[in-house]
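Dear colleague, here are my notes on the model you sent over. I have set them out as numbered points so that you can follow along with the structure open.

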Amino acid sequence: MEDFTNLSLAERENIIIDEVSMYEDWMDKYQFLIELGNELPPYPAEYKLPQYEISGCQSQVWIYCEQRNGRIYFSGESDALIVRGIVALLIKVLSGATIAEVAHTDFAFIDAIGLKEHLSPTRSNGLYSMMQHMKLCAIAFETKNCE
């Protein structure tokens, strides 16, 4: 995956919107997601724990977060190809962004690429659960840093 470290969250979102909009057909967009998922680094077995598993997903999904130097980093995994791609998409945009950016994001890029409309209701619920988990991780780090 590309290194977005020096880009703002808004810049990252715009890059993803541009990348996804290059594909006209949703089958091509799904293939793009699958390829993103294939680029995910291996997910550490020690993070396949209940506290990192995302509830509300049709398939198994784990997302782990950590903070370093005011930025939040995510790793993730899923046992389903499309869902793994969705995890990779979220990680590509959010991982390495500032904690504040992620804590206050509205995930506008998800609407801009039309992803929700092209997922089954259970996958759409899973996407929402993943986004909420990632945002709540950032909010928890932000709150802890404010104390």
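1. Let me begin with H2 and H3, whose axes cross at roughly 75 degrees and come within 7 Å. An angle from 65 to 115 degrees counts as roughly perpendicular, and H2 and H3 are therefore placed in that class. On the H2 side, the contact is made by Tyr30, Leu33, Ile34, Leu36, Gly37 and Asn38. H3 contributes Leu81, Ile82, Arg84, Gly85, Ile86, Ala88, Leu89 and Lys92. Please keep in mind throughout that this is a predicted model.

2. H3 also packs against H1. Here the axes come within 8 Å and cross at roughly 140 degrees. Angles count as roughly antiparallel when over 145 degrees, and H1 and H3 are therefore described as oblique to each other. From H1, the residues involved are Leu9, Arg12, Glu13, Ile16 and Glu19. They meet Leu89, Lys92, Val93 and Leu94 in H3. Leu89 and Lys92 are thus listed in the contact with H2 and in the contact with H1.

3. How many of the 14 residues of H3 are buried? The count is 13, so the helix is mostly covered, with buried meaning under 20% relative accessible area. Its geometry checks out as well: helix H3 covers residues 81–94, and its end C-alpha atoms are 20 Å apart, in agreement with the 20 Å expected at 1.5 Å a residue. After the helix comes Gly96, with a positive phi near 95 degrees.

4. You may like to look at the stretch between helix H1 (9–21) and helix H2 (26–38), where Met22 lies in the loop. Is Met22 buried or exposed? Met22 is exposed, because its relative accessible area is 59% and the cut-off for that class is over 50%. The C-alpha atom of Met22 is separated by 26 Å from that of Ser78, which is 56 residues away along the chain.

5. On the aromatic side, a search of the whole structure finds six pairs. One of them joins Tyr23 and Phe32, with 5.5 Å centre to centre and 40 degrees between the planes, a tilted arrangement. The two partners differ in their surroundings: Tyr23 is partly exposed at a relative accessible area of 25%, whereas Phe32 is buried at 9%. Elsewhere, Tyr43, Tyr47, Tyr52 and Tyr64 form one aromatic cluster.

6. Two charged side chains are worth a look with the rings shown. Lys48 lies over the face of Trp62, 4.9 Å from the ring centre. Arg68 is placed over the face of Tyr73, at 3.9 Å from the ring centre.

7. Finally, which residues other than glycine have a positive phi? Asn69 is one, with a value of about 55 degrees, and Phe107 is another, with phi near 55 degrees. Asn69 sits in the loop between strand S1 (61–68) and strand S2 (71–78). Phe107 belongs to the loop between helix H4 (99–103) and helix H5 (108–113). Their accessibility puts them in opposite classes: Asn69 counts as exposed at 82% relative accessibility, while Phe107 counts as buried at 5%.

Note on methods. Residues numbered from 1 in each chain as written. Predicted model: local features only at pLDDT ≥ 70, side-chain atom pairs only at ≥ 80, totals over all residues. Heavy atoms only, no water. Helix = DSSP H or I, 4+ residues; strand = E, 2+ residues; numbered from the N terminus. Buried < 20%, exposed > 50% of the residue type's maximum accessible area, 1.4 Å probe, protein only. Phe/Tyr/Trp six-rings, centres within 6.5 Å; stacked < 30°, edge-to-face > 60°. Lys NZ or Arg CZ within 6 Å of the ring centre and 35° of its normal. Expected span 1.5 Å × (residues − 1). Axes fitted to C-alpha atoms, helices over the stretch in contact; angles between N-to-C directions. Parallel < 35°, antiparallel > 145°, perpendicular 65-115°, else oblique. Contact = heavy atoms within 4.5 Å.
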